[in-house]
Amino acid sequence: MSELKKMYTTLLRDHFPEDLRLQLGSQELVYKKRTWNIGGEVRGLRYGENPDQPAALYEQVGGELILDGVAFRAPGQGLVSALTEEHMLQAGKHPGKTNLTDVDNGLNILQYLGARPAAVILKHNNPCGAAWTDLGIAEAVSRAFWADRIAAFGGAVVVNRALTREAAELINSFYFEVVAAPEFEPGVVDILKARKNLRILKIPGIARLDELARSPYLDIKSLFDGGLVLQSSFQSRIRSAADFLPATAEKDGVTVTARTPTRQELDDLIFAWSVEAGVSSNSVIFVRDGATTAIGTGEQDRVGCVDLTITKARTKYADLLSFKEQNCSIYELMLAARSGDSNGSAKAEILADIRRRSDEARGGLPGSALVSDGFFPFRDGVDLCLAQGVTAIAQPGGSMRDLEVIRAVNEASPQAAMVFTGQRSFKH
């Protein structure tokens, strides 16, 4: 094994203490470092975000925090931080930070999706695809995967129901790093173990995510200068259709109000806003029939985020056509089309046809509902969404140009719907 490859499998020794105490005024939180005995070696995290960063995972084991009458999550409610060897049905190798934080963010999203079987596939701490459906967990996993099969490569699959044989067979047919579920149906773990390096995590606490969603946790951000920013964690105020606010605005004596979404549109907006809790800002999410059709993350301007997400959706749609019809990715097809021989010419014609069909289908976005984690400062981002066939939008509201933004959906043909969430969902 080369030195470059070895760094990804080497266990770093960390020198973090076994215990951690955090004093907040007269209140104290007590944490214990999590370690695992895997293959006879007792260690904690393999490494941090990168192979040259020692890291440690701590579970809260004592103390309580109450601020302004609000009780924060308490000891005994651990999920990822409470994982033991018993929960690691297949450990692969000692887990690294990114493996566990992906799972953790999946749980952060699933805490709002307990009403139906739901699946989230994550990569680099952002969801690639997510879905919920009354048709069962296998269908949820399938829809989440096909929402963005390229990004899902090497990702983490997190579900909120017992993993079924059908879902396991789909997971095994592609490459994933981690699968986490509250339970596994009989025989399913044996199917998954065919992938020797797949980390299989049983997290029973997923079954009580609804309970955990009722209270915040202490969110700590470290600064470059060694300082800390403490905040109460984000909690979605949108738990049902009744929680949305009418999109209305008044300026210079003129009042405008947007169309109210249909029941299906509201259902999709609730789902999309729940997924939004785990997406890096600036972001927008397109959703149709309980599954993401495109996720835009981490952009600096909102209209740019919409534009890039549309472009990404068209590429992903073209890739699905290429994969299903040519058994190769869109990028492999592009490479083949550059060949100077007759085969290259034939592939170029196929590529052009696939791109044409993807553009005509507008990347599969028509009929989608959309959420934005922050308000639209101008109507340009909304106009871009509407041009893709978006029928309903949820956004925080509160922009100086809310009137112009609402006019955009009212002027659409057919008229689109809009509601306000009454809260922002930034995640940095």
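**Notebook: a buried serine, then the surrounding architecture**

I began with Ser-425, which I found in the segment that follows strand E23 (417-420). I am working from a predicted model, and I keep that in mind for each entry below. Ser-425 has a relative accessible area of 1%, so I noted this residue as buried. Looking for what surrounds it, and leaving out residues up to four places away in sequence, I listed Phe-234, Trp-273, Glu-276, Ala-277, Ser-281 and Asp-373 as the residues that Ser-425 touches.

One of those contacts, Ser-281, led me to the peptide bonds. Ser-281 and Asn-282 are joined by a cis peptide bond with omega about -15°, and I placed Asn-282 in the loop between H8 and strand E19 (284-288). I then looked up a cis bond between Ser-413 and Pro-414, where omega is about 0°; Pro-414 sits in the loop between helix H13 (402-411) and E23.

Next I turned to backbone angles. His-124, in the loop between E9 and E10, has a positive phi near 55° although it is not a glycine. Is His-124 buried or exposed? Its relative accessibility is 69%, and I therefore recorded His-124 as exposed. Asp-289, in the loop between E19 and strand E20 (291-296), also has a positive phi, near 55°, but at 46% relative accessibility I recorded Asp-289 as partly exposed.

A glycine came up in a hairpin: strand E14 (residues 218-222) and strand E15 (residues 228-232) run antiparallel and are joined by five bridges, with Ser-222 opposite Leu-228 in E15. Five residues lie between these two strands, and among them Gly-226 takes a positive phi near 95°.

I then followed an open sheet of three strands, which I read in the order E1-E2-E5 with antiparallel pairing. Strand E1 (19-24) and strand E5 (58-63) are at its edges with a single partner strand each, so each has one side without a neighbour in the sheet. On average, and ignoring direction, neighbouring strands here are turned by 25° against each other. Between E1 and strand E2 (residues 27-33) I found six bridges in the antiparallel sense, and Asp-19 has Lys-32 in E2 as its bridge partner.

For the helices, I first checked how helix H9 (residues 302-326) packs on helix H10 (residues 330-337): the angle is about 75° and the axes are 8 Å apart. That angle makes H9 roughly perpendicular to H10. On the H9 side I noted Thr-315, Ala-318, Asp-319 and Ser-322, which meet Ile-330, Tyr-331 and Leu-333 of H10. By class, this contact has four nonpolar, two polar and one charged residues.

How many of the 10 residues of helix H3 (residues 137-146) are buried? I found seven of them buried, which leaves the helix mostly covered. Its buried residues, including Ile-137, Val-141 and Phe-145, pack against several elements, among them strand E9 (118-123), strand E10 (126-132) and helix H5 (165-172).

Last, I looked at the nonpolar cores. The largest has 49 residues, of which Val-103, Leu-201 and Ile-203 touch the most other members, and helix H8 (residues 263-276) gives the largest share, seven residues. Aside from neighbours within four places in sequence, Ile-203 is in contact with Leu-79, Leu-83, Val-103, Leu-107, Ala-180, Ala-181 and Pro-182. I also noted a second, separate core of 29 residues, which includes Cys-128, Ile-137, Ala-152 and Phe-176.

How values were computed: Residues numbered from 1 in each chain as written. Predicted model: local features only at pLDDT ≥ 70, side-chain atom pairs only at ≥ 80, totals over all residues. Heavy atoms only, no water. Axes fitted to C-alpha atoms, helices over the stretch in contact; angles between N-to-C directions. Helix = DSSP H or I, 4+ residues; strand = E, 2+ residues; numbered from the N terminus. Parallel < 35°, antiparallel > 145°, perpendicular 65-115°, else oblique. Contact = heavy atoms within 4.5 Å. Nonpolar A, V, L, I, M, F, W, Y, C, P; charged D, E, K, R; others polar. Buried < 20%, exposed > 50% of the residue type's maximum accessible area, 1.4 Å probe, protein only. Pairing = 2+ DSSP bridges. Core = buried A, V, L, I, M, F, W, Y, C linked by side-chain atoms within 4.5 Å.
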